[in-house]
Structures are given as C-alpha cells and as structure tokens.
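Below is a short note on the strand pairing in this entry. Please read it beside the sequence and the coordinates.

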Amino acid sequence: MRAPLSWVREHAALPAGVTGRDLAEKLIAAGLEVETVERAGADLTGPLVVGEVLAIEELTGFKKPIRYCQVNVGDANGTGEPQNIVCGATNFAVGDRIVAILPGGVLPGGFQIGARKTYGKMSEGMICSVSELGIGDDHGGILVLPPDAPVGADAVELLGLRDDVLDIAVTPDRGYALSIRGIAREAATAYDVPFTDPAAVELPAAGGESYPASIADPSACDRFVLREVRGFDPDARTPMWMRVRLHRAGMRPVSLAVDVTNYVMLELGQPLHAFDRGKLTGPIVVRRAASGEVLETLDHVKRTLDPEDILITDESGPISMAGTMGGLATEIDDRSSDMVIEAAHFDAIGTAKMSRRHRLHSEASHRFERGVDRELPLYASHRAARMLAELGGAEIVPGVTHAEAPAGRTTITMPASHPGRVAGVPYGRDAVVRRLEQVGCTVEGGADGTDELTVVPPSWRPDLVDPSDLAEEVIRLEGYENIPVRAPRPAAGQGLTAGQRLRRRVGRALAGAGYAEVLSFPFVAAKDWDDLQLPADDARRRALRLANPMSEQEPLLRTTLLPGLLRTLAKNAGRGFGDVALYEMGVVFRPDPDAPKAAPRLAVDRGPTAAEIASVEAALPDQPHRVAVVLSGEREASGWWGEGRPALWADAIEAARTVAREVGVELTVRADRHAPWHPGRCAALYHGDTLVGHAGELHPRVTNAYGLPPRTCAMELEPRLLGEPVQVRAPHVSTYPVAVQDVALVVDDAVPAADVESALRAGAGDLLEAIRLFDVYAGEQVGEGRKSLAYSLRFRAPDRTLTAEEASAARDAAVTAAAERTGAALRGA
C-alpha cells in the first residue's frame, strides 16, 4: 500500500514538521512494515508556473510537428512579458492553461532546463507533460489544466508535486492498513492526535430500494449494496488532484467513473464496482457458480468457472467474479451515463481461493482476502455516488438496495492484567482500556474493581478474535521498545538431549570425513518419485500434501532426504564442481494411512490438555530424523602425486559406518535391490536384524533424471533404529607389539564378504584388534564361480607380547569358523 503523506494528513492532524521518514519510524514501531519512503518531487526546482498559451506558430520543414508558442507566465519571469517556448506536442490550443518550467528549473530526474536555440527559434523553457512532472505515465501530450487555473501561480503547490509517499507491506492480518483510513488511524494513534474518519458521514434517508438484488448464498456474501446514478457525463475528466493521488498510490488513472471507484477503495479500503445500467438484465443475484459457466472478464479472458467461485449474476448469467474482476459485458465505456455502483462484503477465504484458482489477482481481491470492514459498503457506495455527482454531473437516484445476511459480532472476555502478563510489564487497567479504544474496540467492565473486561473489536479488525490478539494491540501501541531486555533464566540441570548430542557428533564426524552439510527445503514434487524409480506400491510415494504450499511445483512433504540432496549435487555439478560430497540431517514425514485426516485446532488462551495433545499427535505423521549423503567425482583427488580415486559405492557404505560408530554399534552389510540404487551395487544396512538404511551407487536412470555425474553414490539411514547411543570410552592402548597375520580364503561368488568377515571376527577371539579386506580376486586360479578374499588380521594382547604360536592359533581358529559358516577354504590349500 502506497500512502501519500498529504492524503494521510487530511484525516490525521499530524504536527506540521512531521516528514514521511518521521511517520515511517512511528508506524514501524507500531508494527507496520514500511519498506520505503519516496520523496516525490524532492529533486524538482522552479520556477515551475501555470501559463496561458497566447499564440502558436506552426513550424514547417521538419519530420514531426513543431510549434513555437507564446506563453503568458505572469510575473514569474520577472518581466511580465510572454515567454517563447518551442514544443512538439499538439494536444493544446490557444487559450489553454499549461504548466511551464522556465530556464534555471530542474525537472525530476535531474533534467536541467535552460534557454537554447532549437529548430531555428530561441526556446525559453519547456511546456510539461504529466510524465515529465512525475505525476503520471501518459506520454501522449502535455498537461492541460482547467481554465480557472491562475496564471503565474506556483504549479508545485497547485498540483502537489512534492510529497512523501510511504510504501507499506501490509501483512495478511492487517487488511485495514490497505487504506488511507487505516493508515491515518495508526498515524493519529502514534502521535496521539485527533483522527477524522472519512467513513463517518451521515447517510441519506433510504428512500426505497435501488436496482433489485438478492443474496442466494450467505456463506459467499453477507452484505450487498447497490446505488444508482444517472445522467453521468462520459466526457467528464478526472480532476488533476485525484489523478496525482492515484498515481502516487500506484494506480493508473483511466476514466472518471473508474478513477472514483479506485479512489474510494484506496481511501476507505472498500472495493467498489460500477456496472453500466443499460447492460444489466433483470435482478442481480450473488451466488456460487454452476458447473460449466463461463465469464469473459475485463482483461478479455474467457474463464471457465468453478462451482466454488463467487459470482454476481443477472438473468443473462455471470456478470462479475465477486471481489476479483468484473465482466466485460457490463463494463463502463465512453458512452455509459447510467451506472449501478456495487459495494459488498464477500467471504475472505472464498475470494482468496477464487483468485488463486484463476491466477487473477487484483487490488479488490487483495483487500477482500485480508478482510474488509463489513460496515463499509453503505458508506463507500454513498461516497462514490456523491463524487460522481459532484465531478461528473450525475444525478443520484434516491434509494439503496441493501441485501444482508445476519452476522454476529465477536465478543472477547479478557482480564485487564492479561497484556501485562504476556509482555512481562505491568500496564494498568486504564492504559489497557485506552489502547483498546484507540484501536476502535468497545470496552466494558473492570470499573468496579474486577479484572475482567468485555471487549467488542471494531468491524474493520476481523483479526481480533481472542485475548492474545488484544494483548498484542496493547503491547505494540505501548511500544515494543519499552519492554525491558532480560536474559532468560535456564532451568538448572538441563542441556542438550541425548538425541541432540548424537546429531552434533554425527555432523562433526561426517564433516571430518570430508562431507559438506546442506539444508534443503522439505518439499518435493510427485515427479520426484518417478525420478527416483520408486515402485508404484512403495510407501515413500504416500506423502502429505500441503494445504498452502510455497510452490505448486513442490506441494508434498518429503518422505526421503534424497531429492533435495540430489538437486543440490546437480546444481554444483552444473557449475563445474563435480567432485562433491554432501550430507544432510533432517526429518522426513511418513504419514499413517489410518491417522485422522485433520488435527484439532487448539485454543491459544490456555495450555492444551493431555487429551488434546494426544489427539494432535495422533493426526501428525511419523517424523523420524534421518542422515543421508551423496558423493560424486573423485573421492581422492588427482595431482602431481598421481591418479586419484573415484567415489565408489563402498564410500557410501563407509559413511553409514561413520554414523554407526558415533552411536557405538557395528553395521552388517548385505546385498539388496532397493530403489533408487543400482540393483547390483546396493547394500542394505542392518543393526542386528533391524534394517536401518541403504547405501550404494545410484541407478543410471536416477542420475539421468536429476542431471548427476555418472556413478553417483548415496546413503540414507535412520539413526533412531540404531538404538540408544552407547557411552563412548577411550580404548586402552596396549604398549605391546602387534602381530599381523594375512589369510586368503576362497568362497563362492554369492557369499558376501561381510559374512566372511563376521565369521573371521567371531572365530579369532579377544586377541583380534582389527580386520581389513585388502584384496579381491576372481580368475582361473580359483575356479569359475569362485572368488578369493584376502584379509589382514591384527592381533595384540593387552598384557604381553604374543608368541608366533598364539597368533597362528588365533588365525587358524578364525579360518575354521569361516569355513564352517561360509564354506571358505584357504587359497592354495
């Protein structure tokens, strides 16, 4: 909302010295978001005066029309003589009043004006257009003023060319601030000065009904007002002061009829629409759309309507999308003289859904979806009719059509001490009552010494529905800066939970292993499930859809961390960084198909009960924390020292082991087939008999779908399935030497190396310190369908030096266990 300071001053008696920046500071302190303050016309300097065209000489011989004009500027030039000015515009005649800037003046943008010879004539200034003055976008010709404009008068003051304009980002809960009325009320409160409500006018006697109308669906509209005007002059022009204000407020002047409705909307916050009376057929009805109905809107687009759309109709069918955009068939054109002015109170949610459904956002819908004052339609329609009569010569037809559905007023009971308890600052009953009355509330009670107040919020504040809303109003008007800063007092003996400490350890461990952390948005698209090659019955396809997603392209909550990580990896690879290792820790959302469809809405004026908490938790999806990594390119970099090593599926498995070590457990690795991993290079990760995750190389179709480097690897696991973290103790470091024994075992190709290692570890006993697979061989020497696995076994005793016999015995026991469990045989035996 762009609010000119001069317009705000008409309704708030601000001190004379208050500038736009001063007011912005006050409004920001009161909770409004003032983004910028534009000093319109600040770089304009005179002399800029009203002139009268005395004579025009048409210059010939040029490619475009050129006119040599004599302009009477009064005493502004110091001589009283006419000013000679060359001008290329042709939309003015002798006798017209124009705006002329004399030599020495500067137009907006730093355009210096001087006397110079052009087209063979000496030009002593410039005749200005609205775009050159910074008060419009019309480049069609110069600005022609009304014939009563005083010659020689200062045009800067006459046209209001200098003004401060506040650009306010209005949050959805403060729809009243989308009007000069609402901003002026806030300004008057901030400076504690009188406020004049532009809507506080005496309405004329009803005098019967105007154009017939009714409400067919009270859930779509609870108030609908029509007034008629006749005999409007279609050629009447919008006065300059109104055009300037509309331009300053960010709206383009169109015609007097349209400009009046826009002006009243900006002033009061009530959107209006004018129908051509001669194009209406039969009574008007406000209803929902019927299936298959079509409406061509003012933007010349034919729109197929949805049954939930709110429409204004007559006997011909839809004539307007209520609160969003009118229909082309009943628009006001340059021949319209009889008009029906509509003002209504439409359902905010219905209007918002309709505008989003049709991707049709307008100034009207912007206001209706944030809540419009239900009491305004009668006043706004009367003000618009009166302005059309005063400025366009129209006759106001007596009477008004007022269709209304009953609507109750909100009443809130609140202790007078509640705002003080919320803020931690004692305000006192008088201060609370005064601030609520400044907002517009009616306050009763508390005068007899009781603490209870009964508060009725004003009609323009539909966001005030409970005591906490009222407390916020009191606190912001009393000043957030007056709330003292106190450091919170932490409860003794509390700190990070075990889960939080584990997540920090895991993050440090992965970072130490060369992974960089990323944080992805938890939103995905249904296309991600196809890109990940998930089967149709995969549980990960069952995802929650957001009611109001940030992007319609990603409306689902993730059930796996991989899509966000893969997109981040693709972005890095696309910028030339192909050697990447990334990790992410975060929650995924796994809905229960038997859970309630919606969670109950809890009260905000008290804490929830145990039953309410249980009902909320029953409706929520399971939200486990997960850890995932992706890596591509070189895991060990190439250089002068030699060739590097590419990232392999084994690196992804090692990342999982890194996580498991922080919990204090060992993982068992088994071959598996699980999307999105390559069916021949996928490992299932087990803790005991519990599947905790998967790791390996991604399927080629997945890497193609996301634009990833070939042979990209990934891992994802769920730490909570690893059990409670084991308290890590520093191992005892033996001072005795290690005994190393190597062993090569031949097994069938189908036997996993992890099973062989597990058997060796079990058979080696307590003397085994470490075991490492250092070679895998398959070929003629071991036979077809067989492979050789070479392990290095490290033995050490904590209290003595092992003998060769002890080390060999431990090795033989390990080989025996491997033979019994896996059928392994010593190579060469």
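The points below take up two groups of strands in what is a predicted model.

1. Strands 3 and 4. Strand 3 covers residues 48-59 and runs antiparallel to strand 4, with 7 bridges joining the two. Together strand 3 and strand 4 make a hairpin, with 6 residues between them. In that turn, G61 has a positive phi of about 90°.

2. The other partner of strand 4. Strand 5 (residues 83-87) also pairs with strand 4, in the antiparallel sense and over 5 bridges.

3. Y68 as a reference residue. Which residue stands opposite Y68 of strand 4? That residue is E57. In strand 5, Y68 has V86 as its bridge partner. Y68 can thus be used to follow the pairing from E57 and on to V86.

4. Burial of strand 4. Strand 4 spans residues 66-72, and 5 of its 7 residues are buried, which means that the strand is largely enclosed by the rest of the structure. Buried here means under 20% relative accessible area.

5. The sheet of 5 strands. Further along the chain, an open sheet has the strand order 14-17-20-21-22, and its pairing is mixed. Its edges are strand 14 (213-215) and strand 22 (325-326), each of which pairs on one side only.

6. The strand 22 edge. How many bridges link strand 21 and strand 22? There are 2, and the pairing of strand 21 (residues 317-321) with strand 22 is antiparallel. S320 stands opposite G326 of strand 22.

Conventions
Residues numbered from 1 in each chain as written. Predicted model: local features only at pLDDT ≥ 70, side-chain atom pairs only at ≥ 80, totals over all residues. Heavy atoms only, no water. Pairing = 2+ DSSP bridges. Helix = DSSP H or I, 4+ residues; strand = E, 2+ residues; numbered from the N terminus. Buried < 20%, exposed > 50% of the residue type's maximum accessible area, 1.4 Å probe, protein only.
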